[in-house]
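Reader: Please show me the model, and then explain on what grounds its features are assigned.

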Amino acid sequence: MCGIVGYIGKREAASILLEGLKRLEYRGYDSAGLAIARGGSLTVSKCKGRVRDLERILPKKIKGAPGIGHTRWATHGEPSDANAHPHTDASGNIAVIHNGIIENAAALRARLTAEGVVFRSETDTEVLVHLIAAAPGPTLREAVAQALKQVTGTYGIAVVDAARPQSIVVARNGSP
């Protein structure tokens with residue numbers, strides 16, 4: 001079962017996110033990852049496997065906040081590094097983690113592909129990040145709200161934007 005953690009504050013996010021992910025390990029999962037904002041960019045690390053495998057691949061001195069972390073149980077796409085969360089937009093500035101199922105993901109993926117979006121995973125989650133990146137809105141919250149108007153399904157999401165690192169936007173529909 002997927003799990004989501006997030007952190008906003010003055011401390012470095014990496015150790016806090018990792019501790020949160022470790023507390024979710026009892027739920028069962030096949031991959032783990034995190035995204036941390038710092039200096040107008042995101043550091044994203046993710047992998048198939050356990051939280052300890054994620055710890056091994058993290059940069060030694062990963063710094064920044066806010067951040068989001070995820071443990072994934074595959075529903076769309078096999079367990080793999082590419083399908084692990086978080087997923088980013090083409091610029092690498094926006095990251096999304098998601099629990100649930102986007103029921104109209106195939107139709108949205110087809111439309112976005114026709115518009116020139118290149119997908120790097122087989123997940124329904126990646127559709128969300130590209131919708132958010134393309135959505136109008138001066139704030140991340142407004143962009144997320146606009147993107148979610150196009151989505152059918154259940155979800156719990158967390159979104160971070162390196163260009164707007166003052167917040168993490170979260171949303172939920174149903175009981176993912």
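Author: The following exchange sets assigned terms against their definitions. This is a predicted model, in which local features need pLDDT of at least 70 and side-chain atom pairs count only at pLDDT 80 or more, while totals for chains, interfaces and linings use all residues. Residues are numbered from 1 along each chain as its sequence is written, and side-chain values use heavy atoms, with hydrogens and water left out.

Reader: Why is K10 called exposed?

Author: K10 has 85% relative accessibility and therefore counts as exposed; the term requires over 50% relative accessible area, buried means under 20%, and partly exposed lies in between (1.4 Å probe, protein chains only). K10 is found in the loop between β1 and α1 (13-23). Helices (H or I, at least four residues) and strands (E, at least two) are DSSP runs, numbered from the N terminus.

Reader: What makes strand β6 largely enclosed by the rest of the structure?

Author: Strand β6 covers residues 94-102, and 7 of its 9 residues are buried, so the rest of the structure largely encloses it.

Reader: How do you know that β6 and strand β7 pair?

Author: Two strands pair if DSSP finds at least two bridges between them. β6 and β7 (residues 153-161) have 9 bridges, in the antiparallel sense, with I101 standing opposite T154 in β7. Strand β5 (residues 87-88) also pairs with β6 in the antiparallel sense, over 2 bridges, and H87 stands opposite V96 in β6. β5 and β6 form a hairpin with 5 residues between them, where G92 in the turn has a positive phi of about 80°.

Reader: Why are β1 and β3 said to stand at the edges?

Author: The open sheet of 4 strands has the order β1-β4-β2-β3, with antiparallel pairing. β1 (3-7) and β3 (41-48) each have a single partner strand, so one side of each is left without a neighbour in the sheet. Strand β2 (residues 31-38) pairs with β3 over 8 bridges, and A37 stands opposite L42 in β3.

Reader: What makes a set of residues a nonpolar core?

Author: Such a core is a set of buried Ala, Val, Leu, Ile, Met, Phe, Trp, Tyr and Cys residues joined through side-chain atoms within 4.5 Å. The largest has 23 residues, and those with the most contacts inside it are I132, V144, V151 and V159. Elements giving two or more residues to this core include β6, α4 (125-134) and β7. Apart from it lies another core, of 17 residues, among them V5, A32, V51 and L54.
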